[in-house]
Each structure stands twice: as C-alpha cells, then as structure tokens.
Amino acid sequence: MSGTSSSPEAGAASACSPAGFGAIGPSRAALVVIDLQRDFLSPEGYAATAGLDVARLRGVIAPALALIDAARAAGMFVVYTREGHRPDLSDCPAWKLERSRRGGAEIGGAGPLGRLLVRGEYGHDLIDELDPRADEPVIDKPGYSAFHATDLDALLRVRGIDTLIVCGVTTEVCVHTTLRAASDLGYRCLTAADATAASEAQLQMPALAMIGVEGGVFGEVASSADIVAALAAASIPLPEPT
C-alpha cells in the first residue's frame, strides 16, 4: 500500500493489499457498484429523508468513477445494483417496512423524487454521474445483499468470475451484506475503502476493519488508487468504443 493518504479509509486500507489481484487477472474479476442511486445520494432522496449525511455519502462518487474507468480499460465485467421494491411492496418484508417507518423514511412513501425506494421511480434510478454501458447489467435487488433474489451469481459464474471488487453505499449495510454472501458463495472480495461510505461516519472504520479480521474473513481492503494501479498493471489495452 502506498500510505500516501491520511484519511481514515486509507488507514484501514493499509492493513491489506491488492498485490495478488494482478496474478488473478481482470478476466476473472468483476467490479460491483452498489446502490449509487438518487434515493441514497440525492439531497431529496430516501437517505436524506431518513436524516443521513448525503454530502458525505456523495464522497464515494469520484473514486467509484475512477474504478469504473479502470475496470473498463482492463476489460473487466462491471455490474451495478439498485435497492428497491415493487410498486405494490409485495417484496418488502413487513419488518423492513416498519423499520423504515421508524427511521422517518417509509418505503413507498411519497418524496420529491417519487415514492421512496420503489422501482420505476426517479429516485430509484442510478445517479446521473453513472452511465452503464449496454454490456454492464443493472441488478435490481429487494434486499441488502446483491445476491439475494437476483441473478448476480449466475451472471458471474457463466463468465468464470471468482473475484469481486466492491464499492458503493452503505458500508455497514448493503456492502457488508453483499460481501458476506459473496464469501459464503466462494468469491474472493476486495473492497475499495474510499469508494464506500457508512450511514454514520463513526461506523465506517469498524465496518472496514471487520472485513479483514481472521486473515480476511470477508476479503481484503484497499484504496481505490491502489486498485486502479493494480488494474492498470494487469490490463490489456482495448480499442476505444466507437
């Protein structure tokens, strides 16, 4: 690790290194961009309604975009997720709905960007800064894990992918839940520390630290800059899209 940054995320990332990633190769890896949606990153979305510091959460956008560019240049598979529910909320568990109500942002309730966390609403979609390509799937998930009730595992298996680079929000909920499911499914995971953010600032460092315990029980942690550098070293130059 470079150790050039003094941010808390960089400090946590220094405990692990993506040095082994190049040996695996981009053809067997995927970048999973978790829930960079208007409902989580807009000042008028679900997260803001629930009282979260959206300005801090938006700090993940620049490093996430750098990871996307690097992954594309390396020829990696890129996939995005969106958390949300059917308009009739039939896939929203009763306790999740109650929990959201207690948190001040009831799922399905009216908001400036449409009904909160409901598929098809303006707030449910990815932020404007993201522009998925035709071959970059967008996975709609009703739960916190990117694997629960989705075809993500099938999309990865058919491509021979066994390594995931993970970024997005929030670190302690959807990122962690995805990492835990991925670990159970046998994937090696690398989390980009500064391209993730927790719902509360004090949760970020513990959430990152939990990933690397016991030799990396849920994978490794690194800075986005180190991951970009590793991808550049392993990448095969591709022609620019026409």
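Which residue's side chain meets that of Asp-125 in a salt bridge? In this predicted model, the partner is Arg-82, and the N to O distance between the two side chains is 2.8 Å. Asp-125 belongs to the loop between α7 (94–102) and β3 (138–141), whereas Arg-82 sits in strand β2 (residues 77–83), so the pair ties together parts that are 43 residues apart in sequence. The two partners also differ in their surroundings, since Asp-125 is partly exposed, with a relative accessible area of 32%, while Arg-82 counts as buried at 17% relative accessibility, the cut-off for buried being under 20%.

**Salt bridges**

This pair belongs to a structure that holds 15 salt bridges. Three of them, including the one just described, are set out below with the distance between nitrogen and oxygen and the relative accessibility of each partner.

| Acidic residue | Basic residue | N to O distance |
|---|---|---|
| Asp-125 (32%) | Arg-82 (17%) | 2.8 Å |
| Glu-106 (32%) | Arg-101 (39%) | 3.0 Å |
| Asp-153 (23%) | Arg-157 (42%) | 2.9 Å |

The bridge between Asp-153 and Arg-157 lies inside a single element, for both residues are in helix α8 (residues 152–157), 4 residues apart and thus separated by about one helical turn. An α-helix has 3.6 residues a turn, so residues three or four places apart point the same way. Asp-153 is partly exposed, and Arg-157 likewise counts as partly exposed.

The bridge between Glu-106 and Arg-101 is part of a wider arrangement, because Glu-98, Arg-101, Arg-102 and Glu-106 are linked in a network of salt bridges. Within this network, Glu-106 counts as partly exposed, and Arg-101 is also partly exposed.

**Helix α7**

How is the helix α7 divided between buried and exposed residues? Its buried residues are Lys-96, Leu-97 and Ser-100, and, seen down the axis of α7, they fall within an arc of 100 degrees, so they line one face of the helix. On the other side of α7, the residues Ala-94, Trp-95 and Arg-102 are exposed, and Arg-102 is also a member of the salt-bridge network that contains Glu-98, Arg-101 and Glu-106. The cover over the buried residues of α7 includes α4 (46–49) and β2, the latter being the strand in which Arg-82 lies. Just after α7 comes Gly-104, which takes a positive phi of about 90 degrees.

Key. Residues numbered from 1 in each chain as written. Predicted model: local features only at pLDDT ≥ 70, side-chain atom pairs only at ≥ 80, totals over all residues. Heavy atoms only, no water. Salt bridge = Lys/Arg side-chain N within 4 Å of Asp/Glu carboxyl O. Helix = DSSP H or I, 4+ residues; strand = E, 2+ residues; numbered from the N terminus. Buried < 20%, exposed > 50% of the residue type's maximum accessible area, 1.4 Å probe, protein only. Arc of directions from axis to C-beta. Contact = heavy atoms within 4.5 Å.
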